[in-house]
Amino acid sequence: MRSTLLFLHLAGVIVWIGGMFFAHFCLRPVAAEQFPPPQRLPLLAGVLGRFFRIVAVAIALILLSGIARMLNVGFANAPLHWHVMLSSGLVMTIIFVDIALRHFARLQAGVAAQDWPAAGTAMNTIRQRVALNLGLGVLTVAVACFGVGF
């Protein structure tokens with residue numbers, strides 16, 4: 001059971017953090033270089049819509065497997081870095097929910113109305129929040145690997 005929970009946890013983390021890295025450093029910059037807003041923003045909205053559905057599942061896997069592991073050892077007996085990971089994961093989840101429910105909805109509305117400045121503003125906010133979550137995700141992985149005393 002322990003190995004299965006760890007696998008599910010790591011699979012979710014890889015999907016979420018890897019996807020943010022890909023979107024932030026690979027997809028978005030190339031799309032910005034090659035496409036004007038009327039082409040770029042619908043593309044990014046479509047990609048993010050698919051990605052956000054997958055990330056929602058990944059987050060559920062991460063939280064459920066992490067909490068299950070903590071329950072197995074008892075929250076009071078869990079190592080400090082597990083508590084730090086849980087805390088940072090919850091903060092990242094809140095940021096994701098804000099992106100997905102508020103800013104992505106603005107991006108979709110701007111794209112639907114062909115209001116490229118509004119869609120661009122929403123996309124820029126999403127980009128900034130993703131960068132923040134990516135940074136938190138990398139720090140969380142560092143905590144997982146090295147504990148809190150690195």
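Tutor: In this predicted model, a helix is a DSSP run of H or I with at least four residues, numbered from the N terminus.

Student: Understood. Which helix holds H83?

Tutor: H83 belongs to helix 3, which covers residues 80–112.

Student: Is H83 buried, exposed or partly exposed?

Tutor: The relative accessible area of H83 is 27%. Buried requires a value under 20% and exposed a value over 50%, so H83 is classed as partly exposed.

Student: Which residues does H83 contact, apart from its neighbours within four places in sequence?

Tutor: With those neighbours set aside, H83 is in contact with M70, F75 and A78.

Student: And how far apart are H83 and A32?

Tutor: In sequence they are separated by 51 residues, and their C-alpha atoms lie 39 Å apart in space.

Student: M70 came up a moment ago. Let us turn to the interior: which residues have the most contacts inside the largest nonpolar core?

Tutor: That core has 30 residues, and those with the most contacts inside it are W16, M20, F52, L107 and I126. Helix 1, helix 2, helix 3 and helix 4 each contribute at least two residues to this core. The largest share, nine residues, is supplied by helix 2.

Student: Where does M70 fit, then?

Tutor: M70 is part of a second, separate core of five residues, which also includes W82, M85 and V143.

Student: Back to I126. What does I126 touch beyond four places in sequence?

Tutor: I126 touches L48, I99, H103, F104 and L107.

Student: Now helix 2. How many residues has it, and what is its reach?

Tutor: Helix 2 has 37 residues and spans 51 Å from its first C-alpha to its last, close to the expected 54 Å. Just after helix 2, G74 adopts a positive phi of about 90 degrees.

Student: What is the corresponding description of helix 4?

Tutor: Helix 4, residues 116–146, has 31 residues and reaches 44 Å between its first and last C-alpha, close to the 45 Å expected. G147, just after helix 4, has a positive phi of about 80 degrees.

Student: Why does S65 count as buried?

Tutor: S65 lies in helix 2, residues 37–73. Its relative accessibility is 2%, and the limit for buried is under 20%, so S65 qualifies. Not counting residues up to four places away in sequence, S65 touches L5, L8 and H9.

Student: Finally, the surface. Which residues form a nonpolar patch there?

Tutor: L6, L10 and I14 form one, with about 280 Å² of accessible area together. Of these, L10 lies in helix 1, residues 2–34, and is partly exposed at 43% relative accessible area.

Notes: Residues numbered from 1 in each chain as written. Predicted model: local features only at pLDDT ≥ 70, side-chain atom pairs only at ≥ 80, totals over all residues. Heavy atoms only, no water. Buried < 20%, exposed > 50% of the residue type's maximum accessible area, 1.4 Å probe, protein only. Contact = heavy atoms within 4.5 Å. Expected span 1.5 Å × (residues − 1). Patch = residues over 30% accessible without salt bridge, like charges linked within 9 Å, V, L, I, M, F, W, Y side chains within 5 Å. Areas by Shrake-Rupley, 256 points an atom, 1.4 Å probe, with all protein chains shown as cover. Salt bridge = Lys/Arg side-chain N within 4 Å of Asp/Glu carboxyl O. Core = buried A, V, L, I, M, F, W, Y, C linked by side-chain atoms within 4.5 Å.
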